[in-house]
Amino acid sequence: LFNGVYPFYLQQRKVAVFDVSTIIVIVVFLTFTCSFLLIIPGIRGRARLYWTLRVLLSLLVGVVIVAVQYTGDWETGWVKANTSYKSFSHALVNADIGLHVGLGGVNVTLMGNPVNQVNETINYNEHFAWSFDADYDHSYSEGLERGLPRPILYVAEKFTTQNPCSMSRQYRISSHYASATLWVAFCTWLISNMLFSMPVLVYGGYMLLVTGAFMIFSLLSFSTVRNSLMCPIQFGTATLHIVYGGSFWLTLAIGLLCFVAGITVVALHYFNLDLLKTFFDLREDNAEEYQEMTEVYVNAHFVNKGL
């Protein structure tokens, strides 16, 4: 202890919304997109437009399904409060306190208003993981040893297993099921792309519907935390309220897009199959396959000999 107060140590911090895993996923899908844009000039006619729409929409669905696994804004909340900054100290600071909940853990943000107060720079963002290979309580204990600011420890304590609120168990279970259903949605998305590359378009539409269904199931799984009692996170008279964040609504939008695309493909299969084959660039192939021979070339040498 330094004058009865835990010292503060520098450490590697995790960004609240984007981290290295999310950036890697985005870069990989951007590489696929750029590769397709390089070969798109070789496609002739209106098929070029159809190919562009199909590929870009498919890549959009895939990158969202994978990226939201690593984002930290499924639920977010901010509050402005005057609160104590350190343990064993009566000094108060004016700060913005944020909570960002993801499928793999929580980020707690503390931003001073202004940043420089009590002779220190108040700008913290700490990540506490609850994935299968992580121990949330151990991360919280390390935060105590490092001497993190009191507001961050107060918010992080709400999700420990020993806390009577039992928020950790509910959030961890719902997040694991949401992540699992999203990976299933990613597998069905891959299968739908395989089926669309073969002349079985209606089954690709069915798999798109399954993809959208599993994405909605992941949202329902995550939203079950709302059914449990939420302990209030208060700083004096101010209360930190959390609402659904950008990743939740983005997953919902892409899930509905999969439903719309799947229903459209199935409907066109039964009511306008020619239009569906034209959009997937299959009509010309079928026409060439069944095209009758209209001209016959005969060798004049054999004709003159009467053969």
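Good morning. I begin with two helices in this predicted model. Helix α1, residues 20–39, and helix α2, residues 47–67, have axes that come within 10 Å of each other and cross at roughly 170 degrees. Because angles over 145 degrees count as roughly antiparallel, α1 is described as roughly antiparallel to α2.

Which residues make up this contact? From α1, the participants are Thr22, Val25, Ile26, Phe29, Phe32, Thr33 and Phe36. They meet Trp51, Thr52, Val55, Leu56, Leu59, Gly62, Val63, Val66 and Ala67 of α2. Sorted by class, the contact between α1 and α2 comprises 12 nonpolar residues, four polar residues and no charged residues.

I turn now to the strands. Strand β2 covers residues 92–101 and pairs with β3 in the antiparallel sense, over seven bridges. The connection from β2 to β3 is a hairpin, made through three residues. As an example of the pairing, Leu99 has Val108 in β3 as its bridge partner.

Strand β3, residues 105–117, also pairs with strand β4, residues 120–129. How many bridges link β3 and β4, and in which sense do the strands pair? There are nine bridges, and the sense is antiparallel. Two pairs of residues illustrate this. Val106 has Phe128 in β4 as its bridge partner, and Asn116 stands opposite Thr121, also in β4.

β3 and β4 likewise form a hairpin, with two residues between the strands. In that turn, I would draw your attention to Val118, whose phi is positive, at about 45 degrees. Thus β3 is paired with β2 over seven bridges and with β4 over nine bridges.

My last topic is a single residue, Val243. Where does Val243 lie? Its place is in strand β7, which consists of residues 243–244. Is Val243 buried, exposed or partly exposed? Its relative accessible area is 49%. Since exposed means over 50% and buried means under 20%, Val243 is classed as partly exposed.

Val243 also has contacts with residues distant in sequence. Leaving aside residues up to four places away in sequence, Val243 touches Trp74, Glu75, Thr76 and Arg226. Consider Glu75 in particular: Val243 and Glu75 are 168 residues apart in sequence, yet their C-alpha atoms are 5.4 Å apart in space.

To close, I return to the helices: α1 and α2 are roughly antiparallel, and their contact includes no charged residues. Thank you for your attention.

Conventions
Residues are numbered from 1 along each chain as its sequence is written. This is a predicted model: local features need pLDDT of at least 70, side-chain atom pairs count only at pLDDT 80 or more; totals for chains, interfaces and linings use all residues. Side-chain values use heavy atoms; hydrogens and water are left out. Two strands pair if DSSP finds at least two bridges between them. Helices (H or I, at least four residues) and strands (E, at least two) are DSSP runs, numbered from the N terminus. Buried means under 20% relative accessible area, exposed over 50%, partly exposed in between (1.4 Å probe, protein chains only). Contact means heavy atoms within 4.5 Å. Axes are lines fitted to C-alpha atoms, for helices over the stretch in contact, and angles run from 0 to 180 degrees between N-to-C directions. Angles under 35 degrees count as roughly parallel, over 145 as roughly antiparallel, 65 to 115 as roughly perpendicular and the rest as oblique. Ala, Val, Leu, Ile, Met, Phe, Trp, Tyr, Cys and Pro count as nonpolar, Asp, Glu, Lys and Arg as charged, and the others, Gly among them, as polar.
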